[in-house]
Amino acid sequence: MNQTRQTNTEHTLKEAFITLVQTKGFDAIGVSDICRTANINRSTFYAHYSDKFDLRLQLFDTAIDNLKATLTGQGVRVQSEQTRIQDLVPSERILKALSIVSDNKPLFTALLQSGNGMEIFQRIKDLLADLLEEAARLEGHTLYAHGIERKYGRDLLTGGITTVIWHWMQGGFKESPSELTKIIDESKDMAPTQII
């Protein structure tokens, strides 16, 4: 019962945050506004979050954790000494992750509008790089960027995909998740990184 009440409170605060960022902007809202919109008292808010920045951070962390949980899983079996990057994270998982983002448009839009834009970009890029490296490692391979230093190779590998997702989010999610998955699948062929 207590866990259900906590989950309901967190959901109510999330909805209040989204509504207020969309109507007033993140900088113009305070904890009092959030509490009033959520119809809770300040002590309840502070039992969950230290301030509006903590609320935003926890909403963001939860969203990224949900994407990570969707994208992780055992990659496909690598059949040869060298294979393609796109074999590591199947399109079905990418589609499912993009569907989660699409289903949570108001939250991601509010996070973008609240000044978290570049942090969202960086966290998605890091998440993709970590997942690809881990999938390759589980198969006994490493990612190789044609002699390019690892940190630059990671950026080259994931920067294009992240930019596609970023433009999609910034542009108001105009394409469907399946249309964007197709674009990402096609862009993975251009990655300068391979698996060895």
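How many nonpolar, polar and charged residues does the lining of the largest pocket have, by class? In this predicted model, that lining has six nonpolar, six polar and two charged residues, and the account below sets the pocket within the chain as a whole before turning to single residues.

The secondary structure of the chain comes to eight helices and two strands, and, read from the N terminus, these elements follow one another in the order α-α-α-α-α-α-β-α-α-β. The chain holds 196 residues, of which 44% are buried, while its exposed surface comes to about 10500 Å², with carbon and sulfur atoms supplying 50% of that area. When contacts between residues at least 6 apart in sequence are considered, 72% of them join residues that are at least 24 apart.

The largest pocket has a volume of about 280 Å³, and 14 residues line it, among which K14, L59, T62, N66 and L107 lie nearest its centre. Two or more lining residues are given by each of helix 1 (2-23), helix 4 (52-71) and helix 6 (105-138). Of these elements, helix 4 provides the largest share of the lining, with five residues. In general terms, empty space of this kind is revealed by rolling a probe the size of a water molecule over the atoms.

Helix 4 also contains Q58, a residue whose surroundings can be described in some detail. Because its relative accessibility is 32%, which falls between the 20% limit for buried residues and the 50% limit for exposed ones, Q58 counts as partly exposed. Leaving aside residues up to four places away in sequence, Q58 touches H48 and Y49. The C-alpha atoms of Q58 and H48 are 9.7 Å apart in space, and the two residues are separated by ten residues in sequence.

A further local picture is offered by helix 2, which spans residues 31-38 and in which V31, D33, I34, C35 and A38 are buried. An α-helix has 3.6 residues a turn, so residues three or four places apart point the same way. Just after helix 2, the backbone at N39 takes a positive phi of about 60°.

Conventions:
Residues are numbered from 1 along each chain as its sequence is written. This is a predicted model: local features need pLDDT of at least 70, side-chain atom pairs count only at pLDDT 80 or more; totals for chains, interfaces and linings use all residues. Side-chain values use heavy atoms; hydrogens and water are left out. On a 1 Å grid over the protein atoms alone, a cavity is a set of points where a 1.4 Å probe fits but cannot get out, and a pocket is an open set with protein on both sides within 12 Å along at least five of seven lines; lining residues have an atom within 4 Å of a point. Grid points are joined across faces, edges and corners, and a volume is the space filled by probe spheres set on the points. Helices (H or I, at least four residues) and strands (E, at least two) are DSSP runs, numbered from the N terminus. Ala, Val, Leu, Ile, Met, Phe, Trp, Tyr, Cys and Pro count as nonpolar, Asp, Glu, Lys and Arg as charged, and the others, Gly among them, as polar. Buried means under 20% relative accessible area, exposed over 50%, partly exposed in between (1.4 Å probe, protein chains only). Contact means heavy atoms within 4.5 Å. Accessible areas come from the Shrake-Rupley method with a 1.4 Å probe; for residues, only the protein chains shown count as cover.
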